[in-house]
Amino acid sequence: MDLLKSRLLPVIALFASVLFLYFRIPSSKQSFDSDCSLLAHDHFWIVSNRVVTPRGVTPGAVEVKAGRINTVKEGEYNQLLLQNEHVLDYGDAVVMPGLIDVHAHLDEPGREEWEGFSTGTKAAAAGGITTLIDMPLNSFPSTVSEETLKLKIEAAKKKLYVDVGFWGGLVPENAFDTSALDKLLMAGALGLKSFMCPSGINDFPMTNSTHIKEGLKVLAKYKRPLLVHAEVVLESENNIELSSDESDPRSYTTYLKTRPPSWEEAAIRELKDASEETRLGGNAEGAHLHIVHLADSRTSLDLIKEAKSGGSSLTVETCPHYLAFSAEEIPDGDTRFKCAPPIRDEANRQSLWEALLEGHIDMLSSDHSPSIPDLKLFDEGDFLRAWGGISSLQFVLPITWSYGKAYGITLNQLTAWWSERPAKLACQANKGAIRSEMDADFVVWMPDVEFELDENYDIHHKHRNISAYLGKRLSGKVLATFVRGNLVYSEGKHSPAACGALILAKQ
Ligand SMILES: *[C@@H]1O[C@H](CO)[C@@H](O)[C@H](O)[C@H]1NC(C)=O
Ligand SMILES: [Zn+2]
């Protein structure tokens, strides 16, 4: 009897596993929803003469299967080998990892009239962005607790055309409340964001360096980053400027003087000090500090370099508008260009490019931050009272490329700034490179095709007229965007359904 059992058991086990596979395979097939993609299948090859892999730009074929990259064949590929497969041949168009925007304000819930999950992620998809991380402010309420993060998650459901994660907010109210921060982080916030100056949003007050150090200590346990808006209000300088005679609020120079580089410098000096706790053996070892939208390429940048070389876990981003525009060319009254910190002079713009090329600036982000057009006060053109924030989400790739051409930037550099390093910041190990096992997130684009960003262009941001780039001629047209194997955007069309994933940090 025992002998029979021992012989039968393996047979039963085999039979059971066959049964299991039989029922499992069809069900995983069924999970492919054709409304999520403009393609009818989830197993296919993408071929092109210019695939951007970690090793360079090469002719290649990328096999996509069930949302992942299955294989990457670099070098000349043999079409015959793919005869019985679904093949999308993009010829000379560039196939690159999808862009990851770690800094976007989608404003939902609460300020859907400013932007929204649906419009924002449609714009992202049309621009080759496959993942974006939403900022905790400009929505209402701000994302500063487990409860408010849940409101975000609820509001985002079924509206996402690309994958979306969330930063939580570090504010004085939760900075000393470890259990509140624990809950926010355990609920899936990918990290925290705070301001060192007033944010312009009432329920998102600013933090000082004590709050920042407390936040870093908690983040260390989770190995997640703190992102900081680095400007400190220096009252003395502010008062001198505002009491002077030349304070025409329509003049861009007036605005520039109200937020001098010394504000960035002062903040970054404090951050450099706080970042020392992230070093090996420090109080916040394991945490990471990330400076958002650096505008000053002088002393602020030197302080960042010193902090990095001292061993702090520190990175910094800048945004396309600081690389594209300079103060000299901003017309008086044109508040589309208002953002904080402000766009500075031409020499500063050029040194930002140099810092990016030399690797001192680690990555780029959009800081897409729209509002309703009324708040931009176009009639008054008042730079001091207008809402600050530049809308650019859909166009960051052509903008970076168009303005970077003068500096000889390469496709691999673009990928480092827009995909690899942002993926690392947001701890997305499955994203940011074309390599087997990674998520099948791609942008397919033609760097040499130029277009006018004019009234006739198909813009998906909620408010097209507030973009500072309207009227520009740009180079680099997005043909197609894939998110985890779903063709979510192709030649002007979006997939019927919004199937982007919510990215929540796992403990
Ligand atoms: C920051 O503010 C807190 C009150 O929220 C205060 O206890 C702390 O001393 C302040 N730190 C600094 C450096 O001003
Ligand atoms: Zn921002």
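## Helix α13, residue by residue

In this predicted model, the buried residues of helix α13 are V396, L397, P398, I399, T400, W401, S402, Y403 and G404. That makes nine buried residues out of nine, and the helix is mostly covered. What do these buried residues pack against? Their partners are two helices, α11 (320-324) and α14 (411-425), along with the strands β6 (99-104), β14 (363-364), β15 (442-452) and β16 (473-483).

Let's zoom in on V396, which belongs to α13, a helix running over residues 396-404. Is V396 buried or exposed? There are 26 other C-beta atoms within 10 Å of V396, and 20 or more is enough to count as buried, so V396 is buried. If you skip residues up to four places away in sequence, V396 touches L99, G127, P320 and S366. You can also look across to Y322: V396 and Y322 are 74 residues apart in sequence, while their C-alpha atoms are 12 Å apart in space.

## Another covered helix: α2

Now for α2, which spans residues 117-126. Ten of the ten residues of α2 are buried, so this helix is largely enclosed by the rest of the structure. The buried residues here are F117, S118, T119, G120, T121, K122, A123, A124, A125 and A126. Just after α2 comes G128, with a positive phi of about 85°.

## The nonpolar core

In soluble globular proteins, nonpolar side chains tend to be buried together. Here, the largest nonpolar core has 137 residues. Which residues have the most contacts inside this core? They are V62, V95, V162, A189, L226, V228 and I291.

Take V62 from that list and leave aside its neighbours within four places in sequence. V62 is then in contact with W45, I46, V51, I69, V72, V95 and I434. One of these, V95, is also on the list of residues with the most contacts inside the core.

## Two helices side by side

Next, try finding α9 (residues 261-275) and α10 (residues 299-309). The axes of these two helices come within 8 Å and cross at roughly 10°. Angles under 35 degrees count as roughly parallel, so α9 is roughly parallel to α10.

Which residues make the contact? On the α9 side they are P261, E264, E265, I268, R269, K272 and S275, and on the α10 side T299, S300, L303, I304, E306 and A307. Sorted by class, the residues of this contact are five nonpolar, three polar and five charged. An α-helix has 3.6 residues a turn, so residues three or four places apart point the same way. It's worth keeping that in mind as you look along the contact residues of α9, including P261, E264, I268 and K272.

## Around ligand 1

What surrounds ligand 1? The shell is made of P172, N208, S209, T210 and H211. Helix α6, residues 209-222, gives the most to this shell, with three residues. As for chemistry, the shell has four polar residues, one nonpolar and no charged ones.

## Backbone oddities in the loops

Some loops have backbone details to look out for. Where are the cis peptide bonds? One runs from E108 to P109, with omega near 5°, and P109 lies in the loop between β6 and α2. Another runs from A340 to P341, where omega is near -5°. P341 is found in the loop between α11 and α12 (346-357).

Then there are positive phi values in residues other than glycine. N138 has a phi near 90° and is found in the loop between β7 (129-134) and α3 (146-156). With 25 other C-beta atoms within 10 Å, N138 is buried. R484 has a phi near 45°, and its place is in the loop between β16 and β17 (486-490). R484 counts as buried too, with 25 C-beta neighbours inside 10 Å.

## A partly exposed spot: K150

Let's finish in helix α3, where K150 is found. K150 has 13 C-beta neighbours inside 10 Å, so this residue counts as partly exposed. How far apart are K150 and L294? They are 144 residues apart in sequence and 30 Å apart in space, going from C-alpha to C-alpha.

Methods:
Residues numbered from 1 in each chain as written. Chains lettered and ligands numbered in written order. Predicted model: local features only at pLDDT ≥ 70, side-chain atom pairs only at ≥ 80, totals over all residues. Near = placed C-beta within 6 Å. Helix = DSSP H or I, 4+ residues; strand = E, 2+ residues; numbered from the N terminus. Nonpolar A, V, L, I, M, F, W, Y, C, P; charged D, E, K, R; others polar. Core = buried A, V, L, I, M, F, W, Y, C linked by C-beta atoms within 7 Å. Buried ≥ 20, exposed ≤ 12 C-beta atoms within 10 Å, placed from the backbone. Contact = placed C-beta atoms within 7 Å. Axes fitted to C-alpha atoms, helices over the stretch in contact; angles between N-to-C directions. Parallel < 35°, antiparallel > 145°, perpendicular 65-115°, else oblique.
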